[in-house]
Amino acid sequence: MPDVKQRRFFDLFIDAYVPGRWYFKTPTHADGQPLEDPWVFTDGVFIPDPGPLRVPLSRPGMPLDFTSAGVGVTPVLSTRTAEVFRALAPTDVQLFPVQVEGQVEPYFLLVAARTVRCVDEAASEEFKLWTPEDGQPEKVGGYKYVAGLRIDKTKVADERVFRPWGLRSSLIVDGQLKAALEQTGIVGGQFVEV
């Protein structure tokens with residue numbers, strides 16, 4: 001693995017401009033019952049196997065390789081995309097099978113199971129932290145938002161996929177993983193260098 005300062009990192013998120021793209025609701029148990037905590041998949045830690053899951057559609061459309069689901073903005077991957085994560089970042093992620101409404105092919109829910117305290121506040125365009133006045137004590141000290149996210153690469157060890165501490169909406173992948181995903185022809189995701 002190259003020196004961390006030489007490595008490049010990217011925020012991977014949905015490409016909302018894919019014509020006719022589908023959109024997902026929040027994942028549920030296989031029987032349709034709501035999950036107790038739909039945000040657990042973006043906590044940036046290993047989680048217990050949630051058991052069989054399904055993802056209902058909020059808007060039908062073209063099946064994609066990368067989509068986020070519901071309130072927790074949980075990544076859902078096609079098999080070929082999941083295989084890239086499984087091969088290149090096995091210690092950084094968990095992949096749980098999910099049944100996507102109307103699909104026979106298998107899909108996988110991605111959990112980035114590592115968190116790195118690496119947001120470079122000085123290099124990012126703008127950021128705001130949650131405060132006690134916001135009325136959400138469990139979020140105090142975390143990032144309410146970060147515009148123009150930049151990370152401090154020296155804080156990253158061997159992680160290839162991770163969530164930045166305090167910013168669960170960002171899914172960071174390294175340049176090698178990005179290149180491998182692009183080689184598969186990933187549809188539905190886009191990358192912004194951080």
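Here are four short exercises, with worked solutions, on a predicted model.

**Exercise 1. Work out how helices α1 and α2 are arranged relative to each other, and what their contact is made of.**

Let's start with how such a pair is described. Two packed helices are described by the angle between their axes and the distance between the axes.

Step 1: find the two helices. Helix α1 covers residues 79-88, and helix α2 covers residues 175-183.

Step 2: get the geometry. The two pack at an angle of about 150°, and their axes are 10 Å apart. Angles over 145 degrees count as roughly antiparallel, so α1 is roughly antiparallel to α2.

Step 3: add the handedness. The crossing of α1 past α2 is right-handed.

Step 4: list who touches whom. From α1 come Thr81, Val84, Phe85 and Leu88, while α2 brings Gln176, Leu177, Ala180 and Leu181.

Step 5: sort these residues by type. Six are nonpolar, two are polar and none is charged.

**Exercise 2. Describe the surroundings of aspartate 92, and decide: is aspartate 92 buried or exposed?**

Step 1: place the residue. Look in the loop between α1 and β8 (93-100), and you'll find aspartate 92 there.

Step 2: check the accessibility. Buried means under 20% relative accessible area; aspartate 92 has 2% relative accessibility, so aspartate 92 counts as buried.

Step 3: look for polar partners. The side chain of aspartate 92 makes a polar contact of 2.5 Å with the side chain of arginine 114. The aspartate 92 side chain also reaches the backbone nitrogen of arginine 160, at 2.6 Å.

Step 4: widen the view. Skipping neighbours within four places in sequence, the contacts of aspartate 92 include Val111, Ala112, Asp158 and Val161.

**Exercise 3. Now try arginine 117: is arginine 117 buried or exposed, and which residues does arginine 117 touch?**

Step 1: place the residue. Arginine 117 sits in the loop between β10 (115-116) and β11 (126-129).

Step 2: check the accessibility. The cut-off for exposed is over 50%; arginine 117 has 58% relative accessibility, so arginine 117 counts as exposed.

Step 3: find the contacts. Not counting residues up to four places away in sequence, arginine 117 touches Lys155 and Trp165.

Step 4: compare chain and space. Arginine 117 and leucine 167 are 50 residues apart along the chain, and 9.5 Å separates their C-alpha atoms.

**Exercise 4. Do the same for threonine 28: where is threonine 28, and is threonine 28 buried or exposed?**

Step 1: place the residue. Threonine 28 belongs to strand β3 (residues 28-29).

Step 2: check the accessibility. With a relative accessible area of 10%, threonine 28 is buried.

Step 3: find the contacts. Leaving aside neighbours within four places in sequence, threonine 28 contacts Gln33, Leu35, Pro52, Leu53, Arg54 and Pro56.

Terms used
Residues numbered from 1 in each chain as written. Predicted model: local features only at pLDDT ≥ 70, side-chain atom pairs only at ≥ 80, totals over all residues. Heavy atoms only, no water. Axes fitted to C-alpha atoms, helices over the stretch in contact; angles between N-to-C directions. Helix = DSSP H or I, 4+ residues; strand = E, 2+ residues; numbered from the N terminus. Parallel < 35°, antiparallel > 145°, perpendicular 65-115°, else oblique. Left-handed = near helix turned anticlockwise from the far one by under 90°. Contact = heavy atoms within 4.5 Å. Nonpolar A, V, L, I, M, F, W, Y, C, P; charged D, E, K, R; others polar. Buried < 20%, exposed > 50% of the residue type's maximum accessible area, 1.4 Å probe, protein only. Polar contact = N/O pair within 3.5 Å; in protein donor to acceptor, adjacent residues only side chain to side chain.
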